[in-house]
Amino acid sequence: MKKNLTAILFVLFSCQSFAQNVHLNQIPSPQIFKGNETTAFRDPAVIFNDGWFHLFFTMTEIERDGKIFSYTATSMSDDLIHWTTPRKLTPRDQRLNYSSPGDIIKYKNEWLLCLQTYPRPDYDVSQMPKYGDQTARLFIMRSNDLQYWSKPELLKVKGAAVPESEMGRMIDPYLIQDKDQPSKYWCFYKQNGVSLSYTYDFENWTWFGRTDAGENVCVLTDNNQYIMLHSPSNGIGIKRSENLVNWFEQGSLITLGQNEWQWAKGRITAGTVIKLKDNQDAKYLMFFHGSGPLTEKEGDFDKNASIGIAWSNDLQTWTWPGKEK
């Protein structure tokens, strides 16, 4: 019944425009999804389509027996205030732990969502925090409607000649169309800094190179440049490049309201940004996650992590719900 209601609401409201529903200054809190002692919300990815924001994220749960499982989950909103109950898209399996959705793109009339595995077999609270092992790999899922998704497919981003067992640990994928060649697509991912591979069909891949950067990369294009948002140990940095080889730092590290937010004292990270259209409040919208009050190494990694929201006109000066002007 709940699934049918969601589908009905989607049809009823999908024709409404962004400008009609969304007023950023009416969002009551910078926390979109609030973590607690048994739940963490991390690694957001977002797309706006037909009047709806579709948010994808890692949802980690500590079960009653202390075992810990991660999922890729999703929620929808037409106003950035009211969100549907998170819905898990991937199976309960510590050997997989599909998570860290990077972004969603349209390719040949299909939606593609990139994500990773984060294997942590036999993981429970006595080992917190435990990070994904060396078998972490990258995947895509396919959809016609942003609601129902295919089973994950491995991305052989090192090329067909490299066996999966020899690809090395890789996490945090992000897909983007080449700014000069529309038929060419890039995958950024965390391995040896940030690595890049390209494809023309999402089946055959060529490794391109790597650059120094943090994790959870998000890449935009603007004025014939690529803009990379990335996450070092704390905060979100920005780099620019015209050729994907030479990258230059821009501005200072973005930490938003961390000094005042107990829920993000431990770390702010995983910023993902989309450009807004027909909106007078801001040009860019950012989702990110904050954890705290403890640091991730102290334990607030698989718990007490929340997804937050902020916006900007220039990617340097940021505003969020409740910020004093």
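Strands here are DSSP runs of E with at least two residues, numbered from the N terminus. On that basis, this predicted model has two helices and 21 strands in its protein chain. Its radius of gyration is 19 Å, close to the 20 Å that the globule rule gives for 325 residues, so the chain is as compact as a globular protein of that length.

**Overall build**
- The C-alpha trace spans about 50 × 50 × 45 Å along its principal axes.
- Buried residues account for 57% of the 325 in the chain.
- Among contacts with a separation of 6 or more, 53% join residues 24 or more positions apart.
- The exposed area is about 14,600 Å², and carbon and sulfur atoms supply 48% of it.
- Side chains carrying charge number 35 positive and 37 negative. The centres of these two sets lie 2 Å apart.

**Nonpolar cores**
- In soluble globular proteins, nonpolar side chains tend to be buried together.
- The largest nonpolar core holds 34 residues. Phe188, Leu256, Phe288 and Trp318 touch the most other members.
- Elements giving two or more residues to this core are β10 (171–177), β11 (185–190), β12 (194–199), β14 (215–222), β15 (225–231), β18 (267–275) and β19 (284–291).
- Another core, of 22 residues, lies apart from it. Phe41, Met59, Leu80 and Leu276 are among its members.

**Glutamate 63**
- Glutamate 63 sits in the loop between β3 (52–62) and β4 (68–77).
- Its relative accessibility is 23%, so glutamate 63 counts as partly exposed; the buried class ends at 20%.
- Leaving aside residues up to four places away in sequence, glutamate 63 touches Phe69, Tyr71 and Arg92.
- Proline 173 is 110 residues from glutamate 63 along the chain, and their C-alpha atoms are separated by 28 Å.

**Backbone exceptions**
- Most residues other than glycine have a negative phi, and most peptide bonds are trans.
- Methionine 128 and proline 129 are joined by a cis peptide bond, with omega about -10 degrees. Proline 129 lies in the loop between β7 (110–116) and β8 (138–143).
- A cis bond also runs from glycine 292 to proline 293, with omega near 20 degrees. Proline 293 is in the loop between β19 and β20 (305–312).
- Leucine 244 has a positive phi, near 70 degrees. This leucine 244 is in the loop between β16 (237–241) and β17 (248–249), and is buried at 5% relative accessible area.
- Leucine 256 also has a positive phi, about 55 degrees. Leucine 256 is in the loop between β17 and β18. At 15% relative accessible area, leucine 256 is buried.

Terms used: Residues numbered from 1 in each chain as written. Predicted model: local features only at pLDDT ≥ 70, side-chain atom pairs only at ≥ 80, totals over all residues. Heavy atoms only, no water. Core = buried A, V, L, I, M, F, W, Y, C linked by side-chain atoms within 4.5 Å. Buried < 20%, exposed > 50% of the residue type's maximum accessible area, 1.4 Å probe, protein only. Helix = DSSP H or I, 4+ residues; strand = E, 2+ residues; numbered from the N terminus. Rg over C-alpha atoms; globule rule 2.2 N^0.38 Å. Contact = heavy atoms within 4.5 Å. Areas by Shrake-Rupley, 256 points an atom, 1.4 Å probe, with all protein chains shown as cover. Lys, Arg positive; Asp, Glu negative; His and termini not counted. Charge placed at Lys NZ, Arg CZ, Asp CG, Glu CD.
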